[in-house]
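Good morning, and thank you for coming. I should like to take you through one protein structure, beginning with the whole and then turning to selected parts.

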Amino acid sequence: MRVLVTGGAGYLGYWLVRELAARGHEVRVFDRCCFGLSAVDAWEGLPGVELVTGDIRRLQEAPGLLRGVDAVAHLAGLANDPSCALNPDMARDVNVESTIELARLSAQAGVSRFVFASSCAVYGQGVFQWIDEGTPPNPVSDFGDTKLAAEQGLLAMNDTQFETVVVRNSSLYGFSPRMRFDLAINLMVATALKQGRIVIKGGGKQWRPFLHVSDAARAYADLLAAPSGVGGEIFNLGAESQNHQVETLASLVSDTLGGVTIEKARDDDDLRTYRVSFDKLSRALRFEPRMTIEAGVREVREAIETHALDPMAEIYSNASTFKRLLDTPVSDGGEPVAARFVPLARPVLGPEEERAVAEAMRSGWLASGPKIAAFEKGFRGLVGAPGAVATSSCTAALHLSLVVAGVKPGDEIITSPITWASSTNTMVNMGAVPVFTDVEPDTFNMSAESLRNKITGRTKAIMPVHIAGHPADLEAIHAIAAEHGIPVIEDAAHAMGASYHGQKIGTLSPFNCFSFYATKNITTMEGGMITVQDEAMVERLRFLATNGMSTTAWERYGRSSAAAPAQVVEPGFKYLMSNVHAAMGVEQLKKFSRFQQARKRLAHLYTMALQELDEIICPSVREDIEHAWHLYIIRFRLEKLKQTRDELAHELRRENIGSGIHFYGLHLHPFYQQTYGFRAEDLPAATLASDSILSLPLCPDMTDKHVNDVVLALKKVLAHARKG
């Protein structure tokens, strides 16, 4: 039989691998080896044992792991209360989600039996004097909670082709090459030898079951090979003779060592107490322990004295080791700060949007329909603009605005290079020539000083971009535009809710274009909006957005409409928003105020936590500005760091933190350099920003913990990236 042992380089894993090899089985071990290679070295010479190094949370990195495997002993996990308490999300990811994923893959690979290492800790605060497998669990720790959740998931998967077996371990003791001194008996021996005393916490009346690690390994080997009757079952693993109250155990250890002082310290309230029955295991396997607690105590003492072990060293404590790993970059073998991925952005949707979209779909009006007008009306009211036209995207909105502004092939349009490519690509596809200004070093918005130097006789439009939701310097930009009679088209994709000198963005320029893409401040899945100051302009824009036809579909096919030919008056575009998209937008508008307050608060939390870091510059907000906080963009002081921005972003991703680059200047992209001759040195501020800015996660449903995870990950990455 070929057996996969996860955590096989661990405390129990070493003994199980040795036991299985001795019985003639082939053994494949999967382990991170984050506690060193002492167990691996001790296997040397054992036949049929192979090691695959990897993390149970990243099974995709070991695609052949289950090939040819008949049975799995899943020991890998966070193995005690202190380790799980360090990061409860990590505990759930490792102990529950990764366990279920491994089991699912095992079943698909044809594995016949899956034996899971759980713990009697699931009994927590025992209600009855005696506890057996039928006793309702009552966990009082993250460790117990996660083990119980994994048990439940595994037992639900049990069938005749894939047998799952749950083993609730007693507290183990004894020597193993991958030694642990954070287990009760081992710790008592260590403190007795090193400090001349044994300290009892929690009062000492708590019941606990104990078992030597080698005896536990024998039981696992028996369960892996048992012919039948164990699938779908739970077994307590231990022996009645080794159930003890903690104070009794301390006396036993003291007597075995020759009399050691015992002290009681009530510095915690240990709620865990369980006196466990092991009759079921004894009946199924005729299991009896071979090692006594006294023999185990002498064994641990001998190991400490013979090998000159320092029991207080970090490597012998799971919690201490994981604490160090949490401070170590993942690329150096450490643990990610965030147990679950924190994305850069995501839409925040609820049942209201689901209902609205479903109702729009059931109405039969998927493209044109009444929700479009409702959404436009709601947006006009929010922004305070006289007119608004909903479009299929912000890119479509910008294109329509450029067309109405009279831009023709060969005309120049001035914009910022720190922008998304679609807007400038649209200019190119119109036959116009993009001209880039440099940017302000603090806001990354268009520099008015640079703008003045870029205007020529061919300039037909100026398109400032409100990066991240911070308005550009519109007063200066409008003044320059007015001098030359050039219209301003605001790219306000990031700026819904922003204000400039007390006036809402969307009310200040002839054309103002917003985005409702999936990650924007509200979403319609995909969509855009143009707001204008002249209501007459609304009809012109809507006409062009409807293929330049004399009527819309809503006008042609509504209940009160009679069939009549629609005529093309002017070649236009198919750019109107759909009724289904607008239905979602109507509901999102109702939530916008709450979303905006959340974004503002999260940005404040970031700034308070990061402003003292010398390696980064936090976003600035100029006076008399209301920031929309679509993005939270930091800038790295790369001269203080030994890693590039891209390398830092990669390290953050390994810590389970998403990030983004908004944006890599278009003047640095191959097409624009080769076609228009742009050079990095022509726009120094934009070039510096392109190489040093990074957007951190920001969306309204982020919690304070998410922000804390991002901050801790950033500090961790920077700590290892500082020069000197």
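Before I start, one term is needed: helices, of at least four residues, and strands, of at least two, are DSSP runs, numbered from the N terminus. By that numbering, His501 is in the loop between strand E18 (499–500) and strand E19 (503–504), and I shall come back to that residue later. Please keep in mind throughout that this is a predicted model.

Let me begin with the protein as a whole. The protein contains 24 helices and 25 strands. Its C-alpha atoms fill a box of roughly 100 × 65 × 50 Å along the principal axes. Of the 724 residues, 55% are buried. The accessible surface is about 29,700 Å², and carbon and sulfur atoms contribute 51% of that area. As for charge, there are 72 positive and 84 negative charges, and their mean positions lie 2 Å apart. Among contacts with a separation of 6 or more, 76% are between residues 24 or more positions apart.

I turn now to a sheet. In what order do the strands of the open sheet of seven strands follow one another? The order is E3-E2-E1-E4-E5-E6-E10, and the pairing is parallel. Strand E3 (49–53) and strand E10 (234–237) are at the edges with a single partner strand each, so each has one side without a neighbour in the sheet. From one strand to the next, the twist averages 20 degrees.

Within this sheet, strand E1 (residues 2–6) and strand E2 (residues 26–31) run parallel and are joined by five bridges. Thr6 is placed opposite Phe30 in E2. A helix also belongs in this picture: H5 (residues 142–155) lies across strand E5 (113–119), strand E6 (163–169) and E10, and runs at about 160 degrees to E5.

Following strand E4 (71–74), and before helix H3 (81–86), there is a loop that holds Gly77. The relative accessibility of Gly77 is 30%, so this residue counts as partly exposed. Leaving out residues up to four places away in sequence, Gly77 touches Val94 and Asn95. Val707 is 630 residues from Gly77 along the chain, and the C-alpha atoms of the two are separated by 26 Å.

Next, consider helix H15 (residues 421–429). Which of its residues are buried? They are Ala421, Ser423, Thr424, Thr426 and Met427. The buried residues of H15 pack against two helices and several strands, including helix H14 (394–404), helix H22 (670–676), strand E14 (412–415) and strand E17 (489–491). After H15 comes Gly431, with a positive phi near 90 degrees.

Strand E17 leads us to strand E20 (residues 511–515), since the two run parallel and are joined by three bridges. In E20, five of the five residues are buried. Phe511, Cys513 and Ser515 point one way from the strand, while Asn512 and Phe514 point the other way. E20 is also joined by four bridges to strand E21 (residues 528–532), and here the two strands run antiparallel. Cys513 therefore deserves a moment of attention on both sides: Asp491 stands opposite Cys513, and Cys513 stands opposite Ile530 in E21.Let me now gather some features of the backbone. His501, which I mentioned at the start, has a positive phi of about 50 degrees although it is not a glycine. With a relative accessibility of 35%, His501 counts as partly exposed. Asn547 is also not a glycine, and its phi is positive, at about 65 degrees. This residue is in the loop between helix H18 (535–545) and helix H19 (553–557). The relative accessibility of Asn547 is 31%, and so Asn547 counts as partly exposed.

Where is the cis peptide bond with omega near 0 degrees? It runs from His662 to Phe663. Phe663 itself is in the loop between helix H21 (645–654) and H22.

Finally, I should like to show Ser692, in helix H23 (residues 684–692). Is Ser692 buried or exposed? Its relative accessibility is 0%, so Ser692 counts as buried. Setting aside neighbours within four places in sequence, Ser692 is in contact with Ile634, Arg635, Phe636, Leu638 and Arg645.

That concludes my presentation. Thank you for your attention.

Terms used: Residues numbered from 1 in each chain as written. Predicted model: local features only at pLDDT ≥ 70, side-chain atom pairs only at ≥ 80, totals over all residues. Heavy atoms only, no water. Buried < 20%, exposed > 50% of the residue type's maximum accessible area, 1.4 Å probe, protein only. Contact = heavy atoms within 4.5 Å. Areas by Shrake-Rupley, 256 points an atom, 1.4 Å probe, with all protein chains shown as cover. Lys, Arg positive; Asp, Glu negative; His and termini not counted. Charge placed at Lys NZ, Arg CZ, Asp CG, Glu CD. Pairing = 2+ DSSP bridges. Axes fitted to C-alpha atoms, helices over the stretch in contact; angles between N-to-C directions.
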